[in-house]
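Work through the exercises below with the sequence and the coordinates open. Each task is followed by a stepwise solution.

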Amino acid sequence: MTKQKTAKESMVIMTEMVLPNDTNTLNNLMGGRLMHWMDVVAAIAAQKHSNRIVVTASADSISFKQPINLGNVVTLRSQVTRAFNSSMEVFIEVTAEDIPARKKIMTHRAFFTFVAVDQNGRPIEVPEVLPESDEEKDLFDGALRRRQLRLVLAKRMKPEDAVELRSIFNLDVK
Ligand SMILES: CC(C)(COP(=O)(O)OP(=O)(O)OC[C@H]1O[C@@H](n2cnc3c(N)ncnc32)[C@H](O)[C@@H]1OP(=O)(O)O)[C@@H](O)C(=O)NCCC(=O)NCCS
């Protein structure tokens, strides 16, 4: 197995146009459709990094601050931020563009976690991520904290073992 791969090697850019079948009754993109696209673009990034079958383990909270309108062009960019043993955190950034109006807005940022598995669905080791750009280094550094938070919330880690979170919650303050 390759021991280390750059973050950039996993980058995926996917473009979709919001069509009537993707919308709610207000003619805006359905949240579920966007989450489906996010899952697909992130899964491809995780596959590119690991060269394995991957399954979605978790999706961090996604909030919908502004609607994406019918006819907008939606671009989803994904990249693996950091890999652990069998799991990979994937960052997804979504932009929506009204091309005739020359308007483009960044609408969503989210983190999904994928696990590489063998043919029997058992977790399998993945290469490490080598971050290069400043953004990749920031995402890499924050990934440990985010992993601990999501594992604590999923009751897979004891809060006292989440050492990266201690300073955030002032757990060391007596
Ligand atoms: C994800 C899955 C493979 C984990 O299997 P498991 O038997 O719990 O395996 P482990 O306890 O060894 O965990 C494997 C990795 O998953 C990670 N993981 C498990 N649950 C997680 C969660 N809720 N959030 C983030 N990571 C998680 C673990 O931290 C571990 O990471 P690491 O190997 O990098 O340390 C298993 O739960 C599964 O197959 N889930 C269904 C996946 C699926 O069908 N997704 C589509 C949803 S419809």
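The exercises go from the overall chain to the sheet, the helices, the core and the ligand shell.

This is a predicted model, in which local features need pLDDT of at least 70, side-chain atom pairs count only at pLDDT 80 or more, and totals for chains, interfaces and linings use all residues. Residues are numbered from 1 along each chain as its sequence is written.

**Exercise 1. Describe the chain as a whole.**

Step 1. Assign the elements as DSSP runs, numbered from the N terminus: helices are H or I of at least four residues, strands are E of at least two. The chain has two helices and seven strands, and along the sequence they follow the pattern β-β-α-β-β-β-β-β-α.

Step 2. Take the box along the principal axes: the C-alpha atoms fill roughly 50 × 45 × 35 Å.

Step 3. Count a residue as buried if 20 or more other C-beta atoms, placed from the backbone, lie within 10 Å of its own. Of the 174 residues, 29% are buried.

Step 4. Call two residues in contact if their C-beta atoms, placed from the backbone, lie within 7 Å. Among contacts between residues at least 6 apart in sequence, 69% join residues at least 24 apart.

**Exercise 2. Establish the strand order and the pairing in the five-stranded sheet.**

Step 1. Two strands pair if DSSP finds at least two bridges between them. The sheet is open, with antiparallel pairing and the order β2-β4-β5-β6-β3.

Step 2. β2 (12–17) and β3 (53–59) are the edge strands, each pairing on one side only.

Step 3. β3 and β6 (residues 103–117) run antiparallel and are joined by six bridges. Here Ala 59 stands opposite Phe 112, and Ser 58 has Thr 113 as its bridge partner.

Step 4. Twelve bridges join β5 and β6, again antiparallel. Thr 113 is also the bridge partner of Glu 89. The two strands form a hairpin with four residues between them, and Arg 102 in the turn has a positive phi of about 55 degrees.

**Exercise 3. Place the two helices on the sheet.**

Step 1. Fit axes to C-alpha atoms, for helices over the stretch in contact; angles run from 0 to 180 degrees between N-to-C directions.

Step 2. Helix α1 (residues 31–50) lies across β2, β3, β4 (73–83), β5 (87–98) and β6, at about 40 degrees to β4.

Step 3. Helix α2 (residues 134–153) touches β3, β4, β5 and β6, and its direction makes about 85 degrees with that of β4.

**Exercise 4. Which residues have the most contacts inside the largest nonpolar core?**

Step 1. A nonpolar core is a set of buried Ala, Val, Leu, Ile, Met, Phe, Trp, Tyr and Cys residues joined through C-beta atoms within 7 Å.

Step 2. The largest has 32 residues, and Ala 42, Val 90 and Ile 92 have the most contacts inside it. The elements giving two or more residues are α1, β4, β5, β6 and α2.

Step 3. Leaving out residues up to four places away in sequence, Val 90 touches residues including Ala 42, Val 80 and Phe 112.

**Exercise 5. Which element supplies the largest share of the shell around the ligand?**

Step 1. A residue is in the shell if its C-beta atom, placed from the backbone, lies within 6 Å of the ligand. There are 17 such residues, the closest being Ser 58, Phe 84, Asn 85, Ser 86 and Ser 87.

Step 2. β3 gives the largest share, four residues.

Notes. A residue is buried if 20 or more other C-beta atoms lie within 10 Å of its own, exposed if 12 or fewer, and partly exposed in between; C-beta atoms are placed from the backbone.
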